[in-house]
Amino acid sequence: QVQLVESGGDSVQAGGSLRLSCTASGDIKGYHCMGWFRQAPGKERERVARITNYGSTAYADSVKGRFTISRDNAKNTLYLQMTSLKPEDTAMYSCAAGFFRGAACSYNNWGQGTQVTVSS
């Protein structure tokens with residue numbers, strides 16, 4: 001199984017920016033969809049953004065206009081550019097890869113996560 005490793009998490013002030021990377025140990029071209037998820041203490045995990053192998057993207061309402069997901073199949077890397085960060089963006093961010101089951105993406109490969117902390 002391809003291993004997914006996230007990096008780029010950090011502590012930043014509100015209004016700042018970060019770019020998260022998710023580097024795969026093997027080829028990601030075969031994955032129909034890849035996504036970024038986050039989980040804050042005491043909260044459920046939520047999908048932040050998703051990108052398909054055709055480049056179609058989707059975002060949670062809370063991050064639209066501030067976050068951008070992209071994937072570089074040649075580098076086997078998924079990115080999440082985060083701007084205008086808010087304290088409520090504080091969470092552990094994880095990347096995931098999967099395949100479509102009908103209209104939905106079923107994620108079956110997960111990274112360990114990288115911590116993002118935004119202070120006011």
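## A guided tour, starting at a salt bridge

Select Lys29 and Asp27 to begin: these two residues form a salt bridge, and their closest N and O atoms are 3.0 Å apart. Keep in mind throughout that you are looking at a predicted model. While Asp27 is on screen, look at how much of it is open to the outside: with a relative accessibility of 42%, Asp27 counts as partly exposed.

**More salt bridges**

How many salt bridges does the structure hold? There are five. For another of them, select Arg38 and Asp89, whose side chains meet with an N to O distance of 2.9 Å. Colour the surrounding elements and you will find Arg38 in strand E4 (residues 33-39), while Asp89 sits in the loop between strand E8 (77-82) and strand E9 (91-101). The pair therefore ties together parts that are 51 residues apart in sequence.

Are Arg38 and Asp89 buried or exposed? Arg38 has a relative accessibility of 6%, so this residue counts as buried. Asp89 is at 0%, and so counts as buried too. Now add Glu46 and Arg66 to your selection: together with Arg38 and Asp89, they are linked in a network of salt bridges.

Move on to Asp61 and Lys64. Their side chains meet in a salt bridge as well, at 3.1 Å from N to O. Here both residues, Asp61 and Lys64, are exposed, whereas Asp89 is buried because its relative accessibility is 0%, under the 20% cut-off.

**A sheet of four strands**

Switch to a cartoon view for the next stop. Four strands form an open sheet in the order E1-E3-E8-E7, with antiparallel pairing. Its edges are strand E1 (4-7) and strand E7 (67-72), each of which pairs on one side only. If you look along the sheet, neighbouring strands are turned against each other by 15 degrees on average, direction ignored. As background, the strands of a sheet pair through backbone hydrogen bonds, in either a parallel or an antiparallel way.

Zoom in on E1 and strand E3 (residues 18-24), which pair in the antiparallel sense over four bridges. Which residue in E3 is the bridge partner of Val5? Select Thr23 to see that partner.

**Asn109 and its surroundings**

Next, select Asn109 in strand E10 (residues 104-110). This residue counts as buried, because its relative accessibility is 4%. Show its side chain and look for Val2: the backbone oxygen of Val2 lies 2.6 Å from a polar atom of the Asn109 side chain. Leaving aside residues up to four places away in sequence, Asn109 touches Gln1, Val2, Leu4, Tyr31, Cys95, Ala96 and Ala97. Showing these residues as sticks lets you see what surrounds Asn109.

**Last stop: Thr117**

Finish at Thr117, which has its place in strand E11 (residues 114-119). With a relative accessible area of 30%, Thr117 is partly exposed. Its side chain is joined to that of Gln115 by a polar contact of 3.4 Å.

Which residues does Thr117 touch, not counting those up to four places away in sequence? Select Asp10, Ser11, Val12 and Thr90 to see them. Then add Gln13 and compare two kinds of separation: Thr117 and Gln13 are 104 residues apart in sequence, yet 8.3 Å apart in space from C-alpha to C-alpha.

Notes: Residues are numbered from 1 along each chain as its sequence is written. This is a predicted model: local features need pLDDT of at least 70, side-chain atom pairs count only at pLDDT 80 or more; totals for chains, interfaces and linings use all residues. Side-chain values use heavy atoms; hydrogens and water are left out. Two strands pair if DSSP finds at least two bridges between them. Helices (H or I, at least four residues) and strands (E, at least two) are DSSP runs, numbered from the N terminus. Axes are lines fitted to C-alpha atoms, for helices over the stretch in contact, and angles run from 0 to 180 degrees between N-to-C directions. Buried means under 20% relative accessible area, exposed over 50%, partly exposed in between (1.4 Å probe, protein chains only). A polar contact is a pair of N or O atoms within 3.5 Å; within protein, one must be able to donate a hydrogen and the other to accept it, and residues adjacent in sequence count only if both atoms are side-chain atoms. Contact means heavy atoms within 4.5 Å. A salt bridge is a side-chain nitrogen of Lys or Arg within 4 Å of a carboxyl oxygen of Asp or Glu.
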